[in-house]
Amino acid sequence: MLPGYPVDMPNSAPHWPAPTATGPLNATVSLPGSKSMTNRALVLAALSETPSVIRRPLRSRDTELMAAALRGLGTELTDAGQDWSVTPAALRGPTSVDVGNAGTVMRFVPPLAALCNGDVSFDGDPRARERPVGPLLAALRSLGVDIDDGGRGALPLVIHGRGTVHGGPVTLDASGSSQFVSALLLSAPQFDKGVEVRHEGGPIPSQPHLDMTVAMLRDMGAQVDTSTPQMWRVAPGTVRAEEIVVEPDLSNAAPFLAAALVTGGSVTVRDWPRETTQPGDALRELFTRMGGEVSFDAAGLTLRGSGEIRGIDADLREVGELTPTIAAVAALAATPSRLTGVAHLRRHETDRIAALVAEINALGGAATELADGLTIHPAPLHSGVFHSYDDHRMATSGAVIGLAVPGVEVENIATTGKTLPDFPALWGEVVA
Ligand SMILES: O=C(O)C1=C[C@@H](OP(=O)(O)O)[C@@H](O)[C@H](O)C1
Ligand SMILES: C=C(OP(=O)(O)O)C(=O)O
């Protein structure tokens, strides 16, 4: 366990005994909607000139926090069964936004808040205060937004909304998070001059998430120009959300497909889109390289494990959020792995590089930190507690390792509720 992580307190919930597979698993699962698509859909629906319905949204901590933030800003959001009906209204403060530990809420909502009339304060979990927002705040200021962050460049902060944002050209360093760029683009159709965002700095992570932002804006009628590398232009105009159908969350498919790989079984994820901007689609290639075999049919996408798990040398910059699951599989592989390009993960829900190395090694593994990733060598793992660090993807990684290693207990499995409601029940369907 990393120093300073507060667990094992007298009143903390009991650790979750990760089920161990007794043989190859054979299962089909339906996964809830994509977090990234749901939270973009909510923002765009709030800015839409028409009412809209969001179908098959993810209902989880991150998306409920986004919904609450938008309601606070005046948007009408009602349940229509599992769907959400959204009726946009003039954005207004004063209100306060709890971002939890949701990167999408802490980055996507401030530009919206700038468009409202009134003050909007932002704060969240202790970890949210450590996650980067400085480059986004600097960009907003240069676009004419009045922000009080006490000079910290971090939460907590107040946006003094004036009802309009001038917009125009802005340069920022988005090497710390692609969400800085997505945040500006999503609200930009409502800026007086739109926006022209130029990235200057180290390589930007999570390109598929930028593609998702652009694709969803275009689907809703916004004009987005991506013809110049490292630059995005959004013209001022209207967005029409109307009906948005959210795809299953392919990043959350990772532990379920991993279950097929590590048990030499077969797992089918229903409704896997044939074309998508979600980074989880890269699992098809990554898990094939690690020994699986992938096929599409009417039921969905199936991954078959051969019983052999191969290590992988992969630059995961574009698909950083898959790293914890890939690392869990790599910890069970017969050959070494080297995962690179993910320095920005040190400022995700936790420092994922340090946390993965600490937890894999605590179970007897042989993982080492790199500045921008980790290496994992084959080593026999044993029972023990796998700490989650309040990170949903750490918790599901512990579950993957537990399939193959008896006696693994995941601390704070409830943290999976950030993006996956009732993960233990869903996992139980696969492992049963
Ligand atoms: O825009 C999005 O929906 C996301 C972008 C990525 O953020 P970073 O670029 O900060 O890694 C990703 O890791 C996160 O889970 C979701
Ligand atoms: C990095 C992640 O989330 P967030 O949207 O909070 O950045 C993630 O889900 O892996």
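# Contacts, strands and odd angles: a tutorial

Student: Over the face of which residue does Arg274 lie?
Tutor: Arg274 is at 4.2 Å from a ring centre. That passes the test for a charge over a ring (NZ of Lys or CZ of Arg within 6 Å of the ring centre and within 35 degrees of the ring normal). The residue under Arg274 is Phe296.

Student: What kind of model is this?
Tutor: Local features here need pLDDT of at least 70, side-chain atom pairs need 80 or more, and totals for chains, interfaces and linings use all residues of a model that is predicted. Residues count from 1 along each chain as written, chains are lettered from A and ligands numbered from 1 in written order, and side-chain values use heavy atoms, without hydrogens and water.

Student: At what distance from the ring centre of Trp84 is Arg59?
Tutor: Arg59 lies over the face of Trp84. Its distance from the ring centre is 4.0 Å.

Student: Which strand runs parallel to E3, joined by three bridges?
Tutor: Strands are DSSP runs (E, at least two residues; helices are H or I, at least four), numbered from the N terminus. Two strands pair if DSSP finds at least two bridges between them. E3 (residues 52-55) is antiparallel to E5 (residues 83-87), with three bridges. The parallel strand, with residues 243-245, is E14.

Student: Which residue stands opposite Ile54 in E14?
Tutor: On the E5 side, Val53 of E3 has Ser85 as its bridge partner. In E14, the residue opposite Ile54 is Ile244.

Student: Why is one side of E6 and of E8 left without a neighbour in the sheet?
Tutor: Four strands form an open, mixed sheet in the order E6-E7-E9-E8. E6 (95-98) and E8 (146-148) have one side free because each stands at an edge, with a single partner strand.

Student: Which residue of E9 is the bridge partner of Ser121?
Tutor: E7 (residues 117-123) and E9 (residues 157-162) are antiparallel, over six bridges. Strands pair through backbone hydrogen bonds. Ser121 has as its partner in E9 Val158.

Student: How much of the area of ligand 2 does the protein bury?
Tutor: Ligand 2 has 14 residues around it (a heavy atom within 4 Å), and the closest include Gly103, Arg131 and Arg393. Polar contacts (N or O pairs within 3.5 Å) link oxygen atoms of ligand 2 to side chains of Lys35 at 2.7 Å, Lys418 at 2.8 Å and Glu349 at 2.9 Å. Alone, ligand 2 exposes 300 Å² (Shrake-Rupley, 1.4 Å probe). The buried part of that is 97%.

Student: Where does Pro94 lie?
Tutor: A cis peptide bond joins Gly93 to Pro94, with omega about 0°. Most peptide bonds are trans. Pro94 lies in the loop between E5 and E6.

Student: What is omega for the cis bond of Leu155 and Pro156?
Tutor: Pro156 is in the loop between E8 and E9. A cis peptide bond joins Leu155 to Pro156, and its omega is about -5°.

Student: Which phi does Asp390 have?
Tutor: Asp390 is in the loop between strand E22 (384-386) and helix H11 (392-404). Most residues other than glycine have a negative phi. Asp390 is not a glycine, yet its phi is positive, about 55°.

Notes: A polar contact is a pair of N or O atoms within 3.5 Å; within protein, one must be able to donate a hydrogen and the other to accept it, and residues adjacent in sequence count only if both atoms are side-chain atoms.
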